[in-house]
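Thanks for coming. I will talk through some helix packing and one sheet, and I will keep it short.

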Amino acid sequence: MTTPTATNVAQGDAHVDVQAGVVHGDINFYRVPPGSSPEEEFILALKYLDGRVRDQARTLIEKAVARGYVTTEVQFYRLIALLSGRTLRQLSDEELDQLTAICAGLPHLDDHDEWAAGLKVIIHHLLAPVSATETDLVVKEIDALNQRQREGIYGHLEALLDGAMQEKMWRKSIALANSQRTARDRHNRVWKFFHPTPAQPRTLQVQPAFVPLGDRLRVGAGAAVFALAVVQVILLVEEHGTLDPFLGMFAGLIGLATFCVGGADRYYRGTRLRAKEAQIRPPQQRRREAPPRGFARSVDRLFDRYFGRYVPEGTDRTYWRTQTAGIQRYLRDEVVELYREQRIDADRIAWLVRHLVGRVRSQWEQDTLTAHRQLLRVPARTKALCVGGIALLAAGSLWVVPAVLDSAPLSGAGWLLLAAASAVPAVRSLFRIVAERRRAADDQAERDDKEAARWAAYHRWCHELSDKPSDTEMAAWLESDRKVLVDQAMQQYRLHPSHVIAHAFIEAPAPSCRKARYPQGPWRYSRYRLLLFLLTDDGVRQVNIDLDFETVASCTTQRLNYRFDAVAAVRIDGIATQQQTFELTLFNGEPISVRVSEPDNDALQQDENATKIAELSLDAAGLSHTLHVLEGVAAEGKEWVKHRRHRADKRLASLASTIRGLLD
């Protein structure tokens, strides 16, 4: 058999770029309260076992047993956790001692106990030799168990047997894996596991109406001075002795009031229109970029992504981006201002960015993006009030001014000038006060509309995420993928299950993948880089596979064959809480290395330990089992396999005698 030169499976990548992880902090799936009972520890152990975190499951089950919680169900899963995914010959001496002790310590198994039935199948048929004629009978007994026990046996113990029984169990296990691989709508749900819990919507608080003291003083003082001047003018007109000046005075005051009503409305519409135009006006100069790893830069990327994606139908992309640049900047600044102090991950508000960009696109398509121009256009009524008010004021002045000057030329002129001088600044300040109060009222109405729309979008998105898969489902899908990939690799190499001494995986996150986990649970990735090792009598078959977990698509990137004695060294470099790299060195090739863990201190919950999380993730990936196998091969070569079999066969003979004693 030729031994090809190995290459670095990292394919020259300087690092594995894993995006920031999502921790579903609102889920207590793997948490138990302090002072939990043995039964609660056992229930937690079953969750870890379903999550394929086998070592942690074994530890918790043994703790529950040590505290006196021993039932046939506990003993069933105690065996499942101990034997999961391994052959009997892969068990260490310590594990074989534990297996013997468990079997020897079992009481008489009651035929009416459903869990006792599962124990009997494992002990009588899976741990003891099975003849070819008994194969179908054993399978029927397994299929007669309840669903939970069947899935436990087919899902965890398919590697236990040899010969025809092993082939039968493997085919059953692969059939189950194929059916579970896309079960429960995996294609449409798996992406939701990597999506963080959406942050609740927020809207900017309306700035309360603020009237400067100067404007208040000008209106108050101006009104007082104007009233004094008007009283003096009335007294002078009274001396004139005719009715016409009084009619002119009345008309002038009515005209002034009319102009104030129309002018205030016109002034507000103008200021409001300028403010609205400023929100959509393209920026005149490029803004300084936010820090690369900051929250604001992440929000920038979200807006760039969705404005680039949500282009209205029939609209040129460049034209769309140019015309909406001002809106994008305004919305971006609003979102950054709303959420900056919460120190949340930007992905938690991606739904809000999509909602905002979607509304802009909808307004563009409905031609309502500039609807404020029509809404704030000065109506004919306002124009009529302004023009009519000025006309009445002018007409009234033509009657009043001559009469006042005729009665008292000097003092009359002074009072008229004082009235005009006090009225002009007072009216201007009045316009600003009215506009500010109307601005606050309209802003509040707009905020209420925005808030209602955002909450509706938030609830829609929460409903969309409501069927997010559980960690157990993720583990079941991944385990099914692994089994199917092992089966495909054996078919490529034309191997039968009985030809494979052991198989082992190295699981690593693929470049640019997303990751997520439950608190106290292992990391799950959206894409994996897998190294599959098949140990046979002739040597090692290695298959490097890229698995897209979301689309259930896999691609074999490399196949290697090498003898046991070609393995020079196997090691793990790095600290578990920071970064670890698996490295396999062959005598005639470059090291095969892949990064298996990444630092995640920023994603820890308050009650979590970085080392513990790293151990759980590596446990779920089966790294310790794989290392044990490959390190033995590197140390002793093919002799390791022979010695391992020889030592195991002796112990298994002792185990068989123990089982025969139980049967008797």
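A term before anything else: a crossing is called left-handed if the near helix is turned anticlockwise from the far one by less than a right angle, and right-handed if clockwise. One caution as well: what you have in front of you is a predicted model.

With that term in hand, take helix 2 and helix 3, whose crossing is left-handed. Helix 2 covers residues 54–66 and helix 3 covers residues 72–83. Their axes are 9 Å apart, and the packing angle is about 150°. Angles over 145 degrees count as roughly antiparallel, and helix 2 and helix 3 are therefore roughly antiparallel to each other.

Which residues make that contact? From helix 2 they are Arg-58, Ile-61, Glu-62 and Val-65. From helix 3 they are Val-74, Tyr-77, Arg-78, Ala-81 and Leu-82. Sorted by class, the contact of helix 2 with helix 3 has six nonpolar and three charged residues, and no polar ones.

The second pair is helix 9, residues 186–193, and helix 19, residues 471–492. Here the axes come within 11 Å and cross at roughly 120°. Helix 9 and helix 19 are therefore oblique to each other. Helix 9 passes helix 19 in a left-handed crossing.

On the helix 9 side, the residues in contact are Arg-186, Arg-189, Val-190 and Phe-193. They meet Asp-471, Glu-473, Met-474, Trp-477 and Asp-481 of helix 19. By class, the contact of helix 9 with helix 19 has five charged residues, four nonpolar and no polar.

Helix 19 also takes us to the sheet. It lies across strand 2, strand 5, strand 6 and strand 7, and runs at about 50° to strand 5.

How is the sheet ordered? It is an open sheet of four strands in the order 2-5-6-7, with antiparallel pairing. Strand 2 (500–509) and strand 7 (553–562) are the edges; each has a single partner strand, so one side of each has no neighbour in the sheet. Neighbouring strands are turned by 20° against each other on average, direction ignored.

Within the sheet, look at strand 5, residues 527–536, and strand 6, residues 539–548. These two run antiparallel and are joined by ten bridges. At one position in this pairing, Leu-532 stands opposite Val-543 in strand 6.

That is what I have; I will take questions now.

Note on methods: Residues are numbered from 1 along each chain as its sequence is written. This is a predicted model: local features need pLDDT of at least 70, side-chain atom pairs count only at pLDDT 80 or more; totals for chains, interfaces and linings use all residues. Side-chain values use heavy atoms; hydrogens and water are left out. Axes are lines fitted to C-alpha atoms, for helices over the stretch in contact, and angles run from 0 to 180 degrees between N-to-C directions. Angles under 35 degrees count as roughly parallel, over 145 as roughly antiparallel, 65 to 115 as roughly perpendicular and the rest as oblique. Contact means heavy atoms within 4.5 Å. Ala, Val, Leu, Ile, Met, Phe, Trp, Tyr, Cys and Pro count as nonpolar, Asp, Glu, Lys and Arg as charged, and the others, Gly among them, as polar. Two strands pair if DSSP finds at least two bridges between them.
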